[in-house]
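Student: I keep meeting words such as "oblique" and "edge strand" in structure notes. Can we test them against a real case?
Tutor: Yes, here is one to work through.

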Amino acid sequence: MTVVHARSKGLTDRETHYCPGCTHGIVHRLVAEVLVEEGLLNEAIGCAAVGCSILSYNYLNVDMVESAHGRAPAVATGVKRVHPNKPVFTYQGDGDLASIGTAEIVHVAHRGEKITTIFVNNAIYGMTGGQMAPTTLPGQKVTTAPDGRDPAHAGLPLRVAEMIAQVPGAAYVERVSVHNPAAVRKAKKAIRNGFLCQMAGHGFSLIEVLSTCPTGWGLSPIESLKWLEDNMIPYYPLGVLRAPEEA
Amino acid sequence: MSKTLMKGNEALALAAIKGGCTHFFGYPITPQNEIPEFLAREFPKAGGVFLQAESELAAINMVYGAAAAGGRAMTSSSSPGIALMQEGMSSLAAAELPCVIVNAQRGGPGLGSIQPSQADYYQMTRGGGNGDYRILSLAPATVQEGAEMMMMAFDLAEIYRTPVFIVSDGMLGQMMEPVEFHDRPLRELPEKDWTVVGHGGVRPPNTVKTLALDPTVLEQRNLTLQAKYARIATLEARHESYRTEGAEIILSAYGSTARIVKNAIDLLAEEGIAVGLIRPQTLWPFPVAAFAELPDSCRMILTVEMSCGQMVDDVRLAVNGRLPVAFYGRSGGIIPVPEEIAMKVKTLLGRA
Ligand SMILES: Cc1ncc(C[n+]2csc(CCOP(=O)(O)OP(=O)(O)O)c2C)c(N)n1
Ligand code: SF4
């Protein structure tokens, strides 16, 4: 029998705790595949963040350190300064990165740390039960904005990739999505570019991945993918926002 | 080796290098700035890494990352900055990550002042962070002792896998004293097989973490931590006794206040009043045993602090009701003078 598709060596055998239809699992797989394909798996050091993905160290087959809420970029900085030649990454949600951890994410870019951040934006706080995130869309109903986010009260959602892209130390910034197979392929390419940029010593790289949270959104897995495409992508346009200049 | 005249803060910085520190992360705050300034200048020459963080929150988490990755990391700050680091302290203690943290205490609460103080005793020994944890806290009284404690601190941190505080203050940090550096005594250090360095394809991945959602797992982890703390309490509690033989009152003070208390004791001796000093050199573990062996002559304990009364709680617990425990303190950055301490002693003895 020929094996057509095998589980990536970058993933452990453990079953994930993610809800049905949650795209965290897809993003994990992409990170794992890129690390294996680029020969980085054995040396990689990951920093898990507070959020649904905190247990990512149970699924990614790499050495990992858990970080306090929002602090993964600072933890990663400490790791990288001890191992300047090893691939170091953070895996953070939007509550973690865009709310409590804004100072750390801006300054990891500002210092041009050679670190890759995988930023999973699902427009909500998943783990704590669906509260408003800085990325929650106008009108989107969440438990702490039961009538929908009112920009007059809570402001307009933060576009993190655009913000980080204009920090001088950021070398590679791209926003991608995982709502269909073509988008997933592009997301994998972006994650690869992020790690390659790090290993080439160009500076900080951030890949924002638009992701679903069917449980928090109160939608089925299929409806969630459609909701992402129809509502998130128009507000969070996909594409490369910053890349090293070609030599 | 000959003695050199150095500021307390600079001696701590040099001692950190000699103690085998590899990484420093910190954020500017008075009165400890000479530590990062010295290290920014001297550390790279010695192969170390100095990095200024964007905040104390970031600094302590950089220490956490560097320690998890196998570095011998440290930070230094002062009271409001230490307050911001408490989240990180709890995580460092829970993850059992070795590191060293200097607190050059200043007057509080709030922004307070930049003058010397000892009002962070609770903060350092009771923990401002969440959960059942303890941090080994070394409290020098001279620039020389600070340098020696700092040189030991990184090894102690690795032996017990714990954060270690160097408890200083604005006075100890700013004063200049002759200091002599000896070679650090070589201690056998445990192998670090728990670090995150990349698994190399030769072992299962290492994880440094503090989350334990299963209560039985977390309780067991807490019991393991407590057993370690009990070991530290037995082996590492330290104190100095000064003129306690035949003393009518024994004073208790730590750090820079203990120096002033010694002057007060000498003044009183000239007047024929016998008083002594127990100076805790570790705040946690508190040297409880020192208060179990008080001379028969001793009628009372007087705790003196640059605070409104914090260490006095531990003195009372150690004395456990056997003798009255009085308190004298100045706060807000005011340094007590020997004469006022001597006057307090005489009042207590009814000889004022
Ligand atoms: C200091 C602190 N504050 C709050 C929390 C509670 N908390 C846990 S996860 C989380 C939100 C995570 O949301 P996000 O980063 O969007 O990740 P997701 O779960 O959606 O993947 C919060 C607020 C915490 N663990 N620590
Ligand atoms: S709560 Fe949302 S983000 Fe968390 S696992 Fe479930 S679907 Fe995914």
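Tutor: What follows is a set of questions on a predicted model.

Student: Why are helix 1 of chain A and helix 7 of chain A called oblique to each other?
Tutor: Start with the angle. The axes of helix 1 (residues 24–37) and helix 7 (residues 181–199) of chain A cross at roughly 50 degrees and come within 9 Å. Roughly parallel needs an angle under 35 degrees, and roughly perpendicular runs from 65 to 115. The value fits neither class, so helix 1 of chain A and helix 7 of chain A are oblique.

Student: Which residues of helix 1 and helix 7 of chain A meet?
Tutor: Helix 1 of chain A brings residues including A:I26, A:L30 and A:E33. Helix 7 of chain A answers with A:V184, A:K188 and A:F195, among others. By class, this contact of helix 1 with helix 7 of chain A has nine nonpolar, no polar and five charged residues. The crossing is right-handed.

Student: What makes helix 2 of chain A oblique to helix 3 of chain B?
Tutor: The angle again. Helix 2 (residues 72–82) of chain A and helix 3 (residues 56–68) of chain B pack at about 45 degrees, with axes 6 Å apart. That value lies between the 35 and 65 degree limits, so the pair is oblique. The crossing of helix 2 of chain A and helix 3 of chain B is right-handed. Among the residues in contact are A:V75 and A:G78 from chain A, and B:M62 and B:Y64 from chain B. The classes here are eight nonpolar, four polar and no charged residues.

Student: What makes strand 3 and strand 13 of chain B edge strands?
Tutor: Each pairs on one side only. The open sheet has seven strands, in the order 3-2-4-5-7-6-13, with mixed pairing. Strand 3 (49–52) and strand 13 (282–284) of chain B sit at the two ends of that order.

Student: How do you know that strand 5 and strand 7 of chain B pair?
Tutor: Count bridges. Pairing needs at least two. Strand 5 (residues 99–105) and strand 7 (residues 163–169) of chain B share seven, in the parallel sense. B:V102 stands opposite B:I166 in strand 7 of chain B.

Student: How many residues of the shell around ligand 2 are charged?
Tutor: None; the shell has six nonpolar and four polar residues. A:C19, A:H24 and A:N122 are among the residues around ligand 2.

How values were computed:
Residues are numbered from 1 along each chain as its sequence is written. Chains are lettered from A and ligands numbered from 1 in the order in which they are written. This is a predicted model: local features need pLDDT of at least 70, side-chain atom pairs count only at pLDDT 80 or more; totals for chains, interfaces and linings use all residues. Side-chain values use heavy atoms; hydrogens and water are left out. A residue is near a molecule or strand if one of its heavy atoms lies within 4 Å of it. Ala, Val, Leu, Ile, Met, Phe, Trp, Tyr, Cys and Pro count as nonpolar, Asp, Glu, Lys and Arg as charged, and the others, Gly among them, as polar. Axes are lines fitted to C-alpha atoms, for helices over the stretch in contact, and angles run from 0 to 180 degrees between N-to-C directions. Helices (H or I, at least four residues) and strands (E, at least two) are DSSP runs, numbered from the N terminus. Angles under 35 degrees count as roughly parallel, over 145 as roughly antiparallel, 65 to 115 as roughly perpendicular and the rest as oblique. A crossing is left-handed if the near helix is turned anticlockwise from the far one by less than a right angle, and right-handed if clockwise. Contact means heavy atoms within 4.5 Å.
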